[in-house]
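Here is a structure to talk through together, one question at a time. Have a look at it first, and then we can ask what lies behind each label.

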Amino acid sequence: MEQLIIGTGAMGGLFGCLLAPHASVTLLTTNRDHAEVIGGHGLTLVDLDGATRQVAVEVLTDPGDYGRRANLILICTKARATGEAAAVARSLLAADGLVLTLQNGLGNLEQLVAAVGGERAAAGVTAQAATLLGPGRVRHAGAGPTVLGIPVGRGGMIGAVAALFTRAGMETYTSDDVDSLLWSKLIVNVGINALTALLRVPNGVLVQTPVCDLLLTRAVDEAVAVARARHIDLAYERQLKRVRDVCVRTVENRSSMLQDILRGRPTEIEVINGAVVALGREAGVATPVNLLLTQLIQALEATAADRL
């Protein structure tokens with residue numbers, strides 16, 4: 001299976017490292033320093049047990065250099081870059097290929113469908129966690145199941161992708177309930193990302209500290225209420241337990257939003273807690289905790305240059 005991973009940060013790098021021994025994998029990144037290190041020395045993966053290994057993998061900075069068509073394109077960019085990634089995917093995807101997003105937030109799948117068609121676009125969620133340590137260096141920070149939504153008529157293809165991921169050491173399943181999948185992932189991010197970024201703590205601190213766990217719970221409460229108002233069936237206790245379980249499984253992980261804040265980069269707050277606020281407003285559901293978290297992250301971004 002010819003695979004292209006667009007976006008080679010923490011998660012793109014992790015999937016590249018794990019999949020490269022099992023398939024033909026190419027990484028596409030806009031970070032030239034990152035690409036130079038990977039091209040010269042391979043991608044360094046720090047495994048869950050702390051062991052380090054080098055993985056040789058092709059890396060490109062120009063889509064025009066790919067020179068072939070991919071059977072599977074995995075989108076691992078930030079949500080703000082989805083439109084650009086979708087355009088690249090449209091130009092490089094095989095006629096019977098599949099574009100798969102494992103990104104955070106809502107709205108990514110819709111952009112891919114608009115670019116390549118509903119039968120060639122899929123979304124999934126993963127409990128895998130990773131931290132980008134520097135150019136060409138990724139730490140595998142947590143493990144858990146991956147679930148892939150089944151596009152209409154593409155059960156065979158998505159099943160083959162799930163089997164490949166499982167062979168690569170990532171326990172993977174398929175589901176025909178894409179909306180519930182995406183909202184379950186959204187709720188995990190709603191509970192964890194903004195709080196860890198604001199407090200500058202790893203995931204595990206949220207469930208180890210009662211006042212943090214209370215804020216996490218209230219943010220999840222609101223997100224579940226919005227989902228239910230949109231007729232998405234999510235059991236509250238199950239969702240809250242899942243968020244807490246992710247914190248425990250990824251106790252030392254720095255969330256993607258925390259990594260963005262520490263690097264002075266824009267976050268994905270608008271498509272995570274901000275999405276809950278916007279959709280809650282449409283549905284008449286109050287979301288004061290998510291609104292405050294959204295505004296605090298936006299303020300943190302806006303004042304980055306003035307920070308003492």
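Q: Let's start with a helix pair. How do you know that helix α6 (residues 178-199) and α8 pack against each other, and at what angle?
A: In this predicted model, the axes of α6 and α8 are 9 Å apart and make an angle of about 145°. The crossing of α6 over α8 is right-handed. On the α6 side the contact is made by W183, I187, V190, G191, L195 and L199. From α8 come C212, L215, L216, A219, V220, A223, V224, V226 and A227.

Q: What makes up the contact of α6 with α8, by class?
A: There are 14 nonpolar residues, one polar and no charged ones. Gly counts as polar in this scheme, and G191 is one of the α6 residues in the contact.

Q: How do you know what span to expect for helix α8 (residues 210-229), and what does the model give?
A: The expected span is 1.5 Å times one less than the number of residues. For the 20 residues of α8 that comes to 28 Å, and the model reaches 29 Å from the first C-alpha to the last, which is close to the expected value.

Q: Which residues of α8 are called buried?
A: Buried means under 20% relative accessible area. The α8 residues in that class are C212, D213, L216, T217, A219, V220, E222, A223, V224, V226 and A227. After α8 comes H231, which has a positive phi near 65°.

Q: Where does α6 lie on the strands?
A: Helix α6 lies across β8 (121-126), β11 and β12, and runs at about 40° to β8. These strands belong to an open sheet of eight, in the order β5-β2-β1-β6-β7-β8-β11-β12, with mixed pairing.

Q: What makes β5 (58-60) and β12 (172-175) the edge strands?
A: Each of them pairs on one side only. From one strand to the next, the twist of this sheet averages 25°.

Q: How do you know that strand β11 (residues 146-149) and β12 are paired, and in which sense do they run?
A: Pairing takes at least two bridges, and β11 and β12 have four. The two strands run parallel. One example is V147, whose bridge partner in β12 is Y173.

Q: Which helix lies across β1 (2-6), β2 (24-28), β6 (70-75) and β7 (93-101)?
A: That is α3, running at about 155° to β7.

Q: What describes the packing of helix α3 (residues 82-92) on helix α4 (residues 108-116)?
A: Two packed helices are described by the angle and the distance between their axes. Here the axes come within 9 Å and cross at roughly 30°. The crossing is right-handed. T82, G83, A86, A89 and R90 of α3 meet N108, Q111, L112, A115 and V116 of α4. This contact has five nonpolar residues, four polar and one charged.

Q: Why is one side of β4 (52-55) and of β9 (129-134) left without a neighbour in the sheet?
A: They belong to an open sheet of four strands in the order β4-β3-β10-β9, with mixed pairing. Both stand at its edges and have a single partner strand each, so one side of each is left without a neighbour in the sheet. The twist here averages 30° between successive strands.

Q: How many bridges join β9 to β10, and in which sense do the strands run?
A: Five bridges join these strands, which run antiparallel. A130 has H140 as its bridge partner in β10. Two residues lie between the strands of this hairpin, where G136 has a positive phi near 75°.

Q: In which sense do strand β3 (residues 43-46) and strand β10 (residues 137-142) pair?
A: They pair in the parallel sense, over three bridges. T44 is opposite R137, and V46 has R139 as its partner.

Q: Which helices pack across these four strands?
A: Helix α1 (residues 10-19) lies across β3, β4, β9 and β10, at about 100° to β9. Helix α2 (residues 32-41) touches β3, β4, β9 and β10 too, and its direction makes about 90° with that of β3.

Q: Why is L45 called buried?
A: The cut-off is under 20% relative accessible area, and L45 has 0%, so it is buried. L45 lies in strand β3. Beyond its sequence neighbours up to four places away, L45 touches L14, C17, L18, A51, T52, R53, V138 and H140.

Note on methods
Residues are numbered from 1 along each chain as its sequence is written. This is a predicted model: local features need pLDDT of at least 70, side-chain atom pairs count only at pLDDT 80 or more; totals for chains, interfaces and linings use all residues. Side-chain values use heavy atoms; hydrogens and water are left out. Axes are lines fitted to C-alpha atoms, for helices over the stretch in contact, and angles run from 0 to 180 degrees between N-to-C directions. A crossing is left-handed if the near helix is turned anticlockwise from the far one by less than a right angle, and right-handed if clockwise. Contact means heavy atoms within 4.5 Å. Buried means under 20% relative accessible area, exposed over 50%, partly exposed in between (1.4 Å probe, protein chains only).
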